[in-house]
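Let's take a walk through this protein together, one helix contact at a time. Keep the sequence and the 3D view side by side as you read.

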Amino acid sequence: MMQRSENDAEHHPLQPKFQTPEYLRTIPHLRPRIPANALLLRLRSQVIASLTQFFANEGFVQTHTPVITSSDCEGAGEVFTVSSNAAKNSVQETKPEDEAQVEHFFRTPKYLTVSAQLHLEALAQAVDRVWTLSPTFRAEKSDTPRHLSEFYMLEAELCFTEDIEDVMSVVENMLRAVAQALGASPLGAQLLRLRDIPSKDAEEGEKSASAVTLKQRWAGMATGDWPRITYRDSIDLLQQAVSDGKATFAFRPSYEAGLQAEHERYIAATVGEGWRPVFVTDYPSVQKPFYMPPSLSTANSKGAEDTVACFDLLVPELCELAGGSMREHRSAQLLQALTAKGVDGSSLEWYQDLRKYGSVPHGGFGLGFDRLLCYLSGISNVRDVVAFPRWHGRCDC
């Protein structure tokens with residue numbers, strides 16, 4: 001006969017009453033025992049299964065890329081440096097002035113990865129199409145509902161394509177498959193029933209989406225032909241909205257300043273009509289990393305401009321969900337881009353070798369997996385869809 005384990009019910013942190021999301025984040029080791037949080041674990045598992053099936057059907061090879069890397073893919077500098085001090089392994093955020101005090105375990109500075117993209121490009125050259133779902137890290141001191149220090153990224157690369165439309169089609173078909181599978185599943189029905197129950201989240205400032213909103217989101221993803229708009233046209237749309245008195249923004253929309261979250265939210269609400277994802281394409285090259293090549297046509301509605309073949313995928317409320325681009329596959333042009341961006345190519349010699357010793361046109365994308373779970377589940381804070389969330393100043397267990 002099975003014996004029952006100890007349970008100190010009187011002092012149990014989870015009492016039979018409403019617990020705020022903020023409080024539950026302080027006990028992440030016990031939080032999954034709440035049925036609503038257990039449901040999120042099942043959602044994560046089901047979405048991973050749907051993605052695995054989709055990529056297998058599309059001929060993608062699942063791969064595992066390194067967590068420790070020699071390069072900062074995005075060039076933003078918000079990385080964790082791996083070091084070994086006093087014979088004790090550690091991971092820490094470092095600044096250039098602290099470099100002399102750091103003992104480098106690998107002789108030279110290495111980092112926790114911010115993206116698997118560069119390694120995926122190497123693997124794609126061998127098997128044509130690859131994908132991975134792996135942890136990534138950002139030493140960004142952000143304290144917002146959209147950011148974590150450790151999170152999962154879904155990334156994919158495909159060779160023998162010269163048009164960014166091909167990459168966007170993969171993203172659209174992938175998310176459509178996920179939404180359709182979720183909408184037809186028992187787990188999807190459980191999520192909708194949960195969202196029909198009145199919640200006190202709104203009183204705590206973290207309102208979850210209703211069942212009606214969730215159905216609308218799933219329908220928007222499950223429906224094809226998502227709208228596309230160029231960056232230039234999106235700026236024109238925002239500026240016209242301000243001129244017509246249809247919208248006011250804290251940050252004035254301008255071509256040079258880039259899109260802020262409030263701008264992306266407006267684009268998703270208008271171009272996407274509040275329920276469909278929207279692709280924004282052809283951003284100015286000055287706003288994007290070195291590896292993005294020029295757009296196929298540098299001319300758009302306002303004439304010739306220096307844009308790159310890329311996109312961001314925006315969804316209602318959550319804003320940016322995914323981003324992708326073509327990759328510069330020409331050796332000379334890649335070297336020019338590195339120089340123009342002021343990127344030190346010494347740690348990227350292996351990446352340049354991919355072009356030097358033969359390459360093909362290719363492109364890829366990255367999608368914030370935890371943000372996707374937020375969107376599908378109606379959870380407003382990304383910290384609540386991750387079992388053990390880490391963000392600036394917090395790593396409880």
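A good place to begin is the pair H7 and H8, which pack at an angle of about 90 degrees with their axes 11 Å apart. Here axes are lines fitted to C-alpha atoms, for helices over the stretch in contact, and angles run from 0 to 180 degrees between N-to-C directions. H7 and H8 are therefore roughly perpendicular to each other (angles under 35 degrees count as roughly parallel, over 145 as roughly antiparallel, 65 to 115 as roughly perpendicular and the rest as oblique). On the H7 side the contact is made by Ser-234, Leu-237, Leu-238 and Ala-241, and on the H8 side by His-263, Tyr-266, Ile-267 and Thr-270; contact means heavy atoms within 4.5 Å. Sorted by class, the contact of H7 with H8 has five nonpolar, three polar and no charged residues. For these classes, Ala, Val, Leu, Ile, Met, Phe, Trp, Tyr, Cys and Pro count as nonpolar, Asp, Glu, Lys and Arg as charged, and the others, Gly among them, as polar.

Before going further, a word on what you are looking at: this is a predicted model, in which local features need pLDDT of at least 70 and side-chain atom pairs count only at pLDDT 80 or more, while totals for chains, interfaces and linings use all residues. Residues are numbered from 1 along each chain as its sequence is written, and side-chain values use heavy atoms, with hydrogens and water left out.

Stay with H8 (residues 261–270) a moment, where His-263, Glu-264, Tyr-266, Ile-267 and Ala-268 are buried. Buried means under 20% relative accessible area, exposed over 50%, and partly exposed in between (1.4 Å probe, protein chains only). The buried residues of H8 pack against helix H7 (231–243) and against three strands, S9 (278–281), S12 (310–315) and S13 (319–327).

Now step back to the whole chain, whose secondary structure comes to 11 helices and 14 strands. Helices (H or I, at least four residues) and strands (E, at least two) are DSSP runs, numbered from the N terminus. Of the 397 residues in the protein chain, 49% are buried. Among contacts between residues at least 6 apart in sequence, 72% join residues at least 24 apart.

Which residues of H11 are buried? They are Phe-369, Asp-370, Arg-371, Leu-372, Leu-373, Cys-374, Tyr-375, Leu-376 and Ser-377. That is nine of the nine residues of H11, so this helix is largely enclosed by the rest of the structure. Just after H11, Gly-378 takes a positive phi of about 85 degrees.

Leu-376, which lies in helix H11 (residues 369–377), is worth a closer look. Leu-376 is buried, with a relative accessible area of 0%. Not counting residues up to four places away in sequence, Leu-376 touches Val-47, Val-178, Leu-182, Leu-191, Leu-214, Trp-218 and Met-221. One of these partners, Val-47, is 329 residues apart from Leu-376 along the chain, yet their C-alpha atoms are separated by 9.6 Å.

From there, turn to helix H4 (residues 164–183) and helix H6 (residues 211–222), which pack at an angle of about 135 degrees with their axes 7 Å apart. H4 and H6 are therefore oblique to each other. In this contact, Leu-175, Arg-176, Ala-179, Gln-180, Leu-182 and Gly-183 of H4 meet Trp-218, Met-221 and Ala-222 of H6. The residues of the contact of H4 with H6 divide into six nonpolar, two polar and one charged.

Two backbone oddities round off the tour. Most residues other than glycine have a negative phi. Asp-225, although not a glycine, has a positive phi of about 55 degrees, and its place is in the loop between H6 and strand S8 (228–230). Cys-319 also has a positive phi, near 70 degrees, but its place is in strand S13. Are these two residues buried or exposed? Asp-225 is exposed, with a relative accessible area of 68%, whereas Cys-319 counts as buried at 0% relative accessibility.
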